[in-house]
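Here is a short set of exercises to work through with the structure open beside you. Try each task before reading its solution.

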Amino acid sequence: MELAMAAGELKTVVNRLRRAQGQIAGVIGMIEEGRDCEEVVTQLAAASRALDRAGFAIIATGLQRCLSDGDTAAPEDREQMRARLEKLFLSLA
């Protein structure tokens, strides 16, 4: 399954991933500085949510494509696509 996203969707996903990247760098710095455990975990949870949101946005694009292509696809292809999207979705759950 190719990752075909509109420019706006792609920008949103990339921004979320960059935000997570910054948060992870911050978490590493906090650990190295010996910061409070609660602060570290809070920032780590925020980074995790940002990654999850990016993943769900990518999967949603796949679902949208699957739905729009579903009318023209053979039943076997639709089932295969559904199974692949389900596997991707569950990998983030």
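**Exercise 1. A salt-bridge network**

With which residue does R35 form a salt bridge whose closest N and O atoms are 3.4 Å apart? Please keep in mind that this is a predicted model.

Solution.
- Step 1. The partner at 3.4 Å is E33.
- Step 2. Look for a second partner: R35 also forms a salt bridge with E39, and there the closest N and O atoms are 2.9 Å apart.
- Step 3. Check these distances against the cut-off, which asks for a nitrogen of Lys or Arg within 4 Å of a carboxyl oxygen of Asp or Glu. The structure holds two salt bridges.
- Step 4. Put the pairs together: E33, R35 and E39 are linked in a network of salt bridges. Side chains of opposite charge can pair when their charged atoms come close.
- Step 5. Classify the members by accessibility. E33 has a relative accessible area of 59%, so it is exposed. R35, at 40%, counts as partly exposed, and E39 is partly exposed as well, at 34%.

**Exercise 2. The overall layout**

Work out how many helices and strands the protein chain has, and in what order its elements run.

Solution.
- Step 1. Counting gives three helices and zero strands.
- Step 2. Reading from the N terminus, the order is α-α-α.
- Step 3. Turn to burial: of the 93 residues in the protein chain, 22% are buried.
- Step 4. Consider the surface, where the protein chain exposes about 6700 Å², with 57% of that supplied by carbon and sulfur atoms.
- Step 5. Finish with the contacts. Among those with a separation of 6 or more, 69% are between residues 24 or more positions apart.

**Exercise 3. The span of a helix**

Test whether the end-to-end distance of α1 fits its number of residues.

Solution.
- Step 1. Helix α1 covers residues 7-33, and it has 27 residues.
- Step 2. The expected span is 1.5 Å times one less than the number of residues, so α1 should span 39 Å.
- Step 3. The end C-alpha atoms of α1 are 39 Å apart, which agrees with the expected value.
- Step 4. Now step past the helix end: just after α1, G34 takes a positive phi of about 75 degrees.

**Exercise 4. Two sides of α1**

Is Q23 buried or exposed, and which residues does Q23 contact beyond its neighbours within four places in sequence?

Solution.
- Step 1. Q23 has a relative accessible area of 18%. The cut-off for buried is under 20%, so Q23 is buried.
- Step 2. Leaving those neighbours aside, Q23 is in contact with Q43, A46, A47 and A50.
- Step 3. Find the other buried residues of α1; they are V13, A20, V27, G29 and M30.
- Step 4. For contrast, take L17, which also lies in α1 but is partly exposed, at 38% relative accessible area.
- Step 5. L17 joins I24, I28 and L51 in a nonpolar patch on the surface, with about 310 Å² of accessible area together. Helix α1 gives the largest share of this patch, three residues.

**Exercise 5. Apart in sequence**

Find how far A60 is from L85, in sequence and in space.

Solution.
- Step 1. Locate A60 in helix α2, residues 37-69.
- Step 2. In sequence, A60 and L85 are 25 residues apart.
- Step 3. In space, their C-alpha atoms are 9.1 Å apart.
- Step 4. Add the accessibility: A60, at 40%, counts as partly exposed.

Notes. Residues are numbered from 1 along each chain as its sequence is written. This is a predicted model: local features need pLDDT of at least 70, side-chain atom pairs count only at pLDDT 80 or more; totals for chains, interfaces and linings use all residues. Side-chain values use heavy atoms; hydrogens and water are left out. Helices (H or I, at least four residues) and strands (E, at least two) are DSSP runs, numbered from the N terminus. Buried means under 20% relative accessible area, exposed over 50%, partly exposed in between (1.4 Å probe, protein chains only). Contact means heavy atoms within 4.5 Å. Patches are made of residues with over 30% relative accessible area and no salt bridge: like charges are joined within 9 Å, nonpolar side chains (Val, Leu, Ile, Met, Phe, Trp, Tyr) within 5 Å. Accessible areas come from the Shrake-Rupley method with a 1.4 Å probe; for residues, only the protein chains shown count as cover. A salt bridge is a side-chain nitrogen of Lys or Arg within 4 Å of a carboxyl oxygen of Asp or Glu.
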